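Grab your viewer and work through these short exercises. Try each task on the coordinates before you read its solution.

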Amino acid sequence: MNIDAIVDLNTDKIEAESYLPDADKIISGRPQQNIWNVFSSSDDKFHCGVWDSKDGCWQVSYSEEEFCLILAGESIIHDAQGNTKTVRAGDQFIVPAGFGGRWEVPNYCKKVYVIYEA
C-alpha cells in the first residue's frame with residue numbers, strides 16, 4: 001500500500017446527503033442536517049466525515065462509538081437522567097455506544113465525526 005491510500009478529510013468534491021431525523025424523534029424545531037461521509041471501511045463498520053445541523057432537538061440512541069470534533073456553533077447533549085453537556089467549537093469528545101438522550105442544536109452546529117460500530 002502506498003501514500004495514495006491516505007484519505008484527506010476534504011468535503012469539497014463530496015455531495016452532501018441532506019435529511020431530517022425521523023419525525024417521531026424530533027422534539028422541537030426542524031433540525032435539517034447534512035452529512036459528507038468522506039470514508040467508510042470495506043466492512044462498513046468505520047466511518048469518517050463532516051456533519052452539520054440547523055436548530056432543533058431530537059432523541060438519540062447510540063449503537064456506535066463516536067468521536068466528535070466541533071468545528072462551528074454549539075450543541076447541548078442531554079442524558080436520560082436530565083444532565084447536560086454543552087459542546088462548542090474546538091471541543092473534542094467521545095459518545096459511547098449505549099448512550100441515549102437528546103441532542104439539541106440552539107442555532108447551528110458543525111462537527112467532524114469518526115464512527116465505529118462493532
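## Exercise 1: a loop between two strands

Asp44 sits in the loop that links strand S3 (33-40) to strand S4 (46-61). Bear in mind that this is a predicted model.

**Task.** Find the sign of phi at Asp44, and decide whether Asp44 is buried or exposed. Then find the side chain that Ser41 pairs with through a polar contact.

**Solution.**
- Step 1: phi of Asp44 comes out near 60 degrees, which is a positive value in a residue other than glycine.
- Step 2: the relative accessible area of Asp44 is 52%, so Asp44 is exposed.
- Step 3: Ser41 is also placed in the loop between S3 and S4. With 18% relative accessibility, though, Ser41 counts as buried, because the cut-off for that is under 20%.
- Step 4: the side chain of Ser41 makes its polar contact with the side chain of Asp43, at 2.5 Å.

## Exercise 2: counting disulfides

**Task.** How many disulfides does the structure hold? Back up your count with sulfur distances for Cys48 and Cys109.

**Solution.**
- Step 1: recall that a disulfide is a covalent bond between the sulfur atoms of two cysteines. The test used here is a pair of cysteine sulfur atoms within 2.5 Å.
- Step 2: for Cys48, the closest cysteine sulfur belongs to Cys68 and is 11 Å away, so the gap is too far for a bond.
- Step 3: Cys109 is in no disulfide either, as its nearest cysteine sulfur, again that of Cys68, lies 8.5 Å off.
- Step 4: the count is therefore zero disulfides.
- Step 5: check the surroundings while you're there. Cys48 counts as buried at 14% relative accessibility, and Cys109 counts as buried at 0%.

## Exercise 3: the largest nonpolar core

**Task.** Which residues touch the most other members of the largest nonpolar core, and which element gives the largest share of this core?

**Solution.**
- Step 1: a bit of background helps. In soluble globular proteins, nonpolar side chains tend to be buried together.
- Step 2: the largest nonpolar core has 15 residues, and those touching the most other members are Trp51, Trp58, Phe93, Trp103 and Val105.
- Step 3: sort the core by element. Two or more residues come from each of S4, strand S5 (65-79), strand S7 (92-95) and strand S8 (100-116).
- Step 4: S8 gives the largest share, with five residues.
- Step 5: zoom in on Val105. Setting aside residues up to four places away in sequence, Val105 touches Trp51, Ser53, Lys54, Asp55, Gly56, Trp58, Glu74 and Ser75. Two of the names from step 2, Trp51 and Trp58, turn up among these neighbours.

## Exercise 4: the largest pocket

**Task.** What volume does the largest pocket have, and which residues of its lining are closest to its centre?

**Solution.**
- Step 1: the largest pocket holds about 620 Å³ of space.
- Step 2: it is lined by 22 residues, and Tyr19, Val60, Tyr62, Glu64 and Glu66 are the closest to its centre.
- Step 3: S3, S4 and S8 supply at least two lining residues each, and the largest share, six residues, is from S4.

## Exercise 5: contacts across the sequence

**Task.** For Ser18, Ile26 and Glu117, list the contacts beyond four places in sequence. Then say which side chains join Ser18 and Glu117 in polar contacts.

**Solution.**
- Step 1: Ser18 belongs to strand S1 (residues 17-19) and counts as partly exposed at 47% relative accessibility. Ser18 is in contact with Gln32, Gln33 and Asn34, and its side chain is joined to that of Asn34 by a polar contact of 2.4 Å.
- Step 2: Ile26 is in strand S2 (residues 26-29) and is partly exposed, with 25% relative accessible area. Its contacts are Pro21, Pro31, Cys57 and Trp58. Ile26 and Val60 are 34 residues apart in sequence, yet 9.6 Å apart from C-alpha to C-alpha.
- Step 3: Glu117 lies in the segment after S8 and is partly exposed at 33%. Glu117 touches Lys45, Ser63 and Glu64, and a 2.7 Å polar contact joins its side chain to that of Ser63.
- Step 4: for one more distance, the C-alpha atoms of Glu117 and Tyr62 are 9.5 Å apart, with their positions 55 residues apart along the chain.

Notes. Residues numbered from 1 in each chain as written. Predicted model: local features only at pLDDT ≥ 70, side-chain atom pairs only at ≥ 80, totals over all residues. Heavy atoms only, no water. Helix = DSSP H or I, 4+ residues; strand = E, 2+ residues; numbered from the N terminus. Buried < 20%, exposed > 50% of the residue type's maximum accessible area, 1.4 Å probe, protein only. Contact = heavy atoms within 4.5 Å. Polar contact = N/O pair within 3.5 Å; in protein donor to acceptor, adjacent residues only side chain to side chain. Core = buried A, V, L, I, M, F, W, Y, C linked by side-chain atoms within 4.5 Å. 1 Å grid on protein atoms, 1.4 Å probe; cavity = no way out; pocket = protein on both sides within 12 Å on 5 of 7 lines; lining within 4 Å. Points joined across faces, edges and corners; volume = space filled by probe spheres on them.
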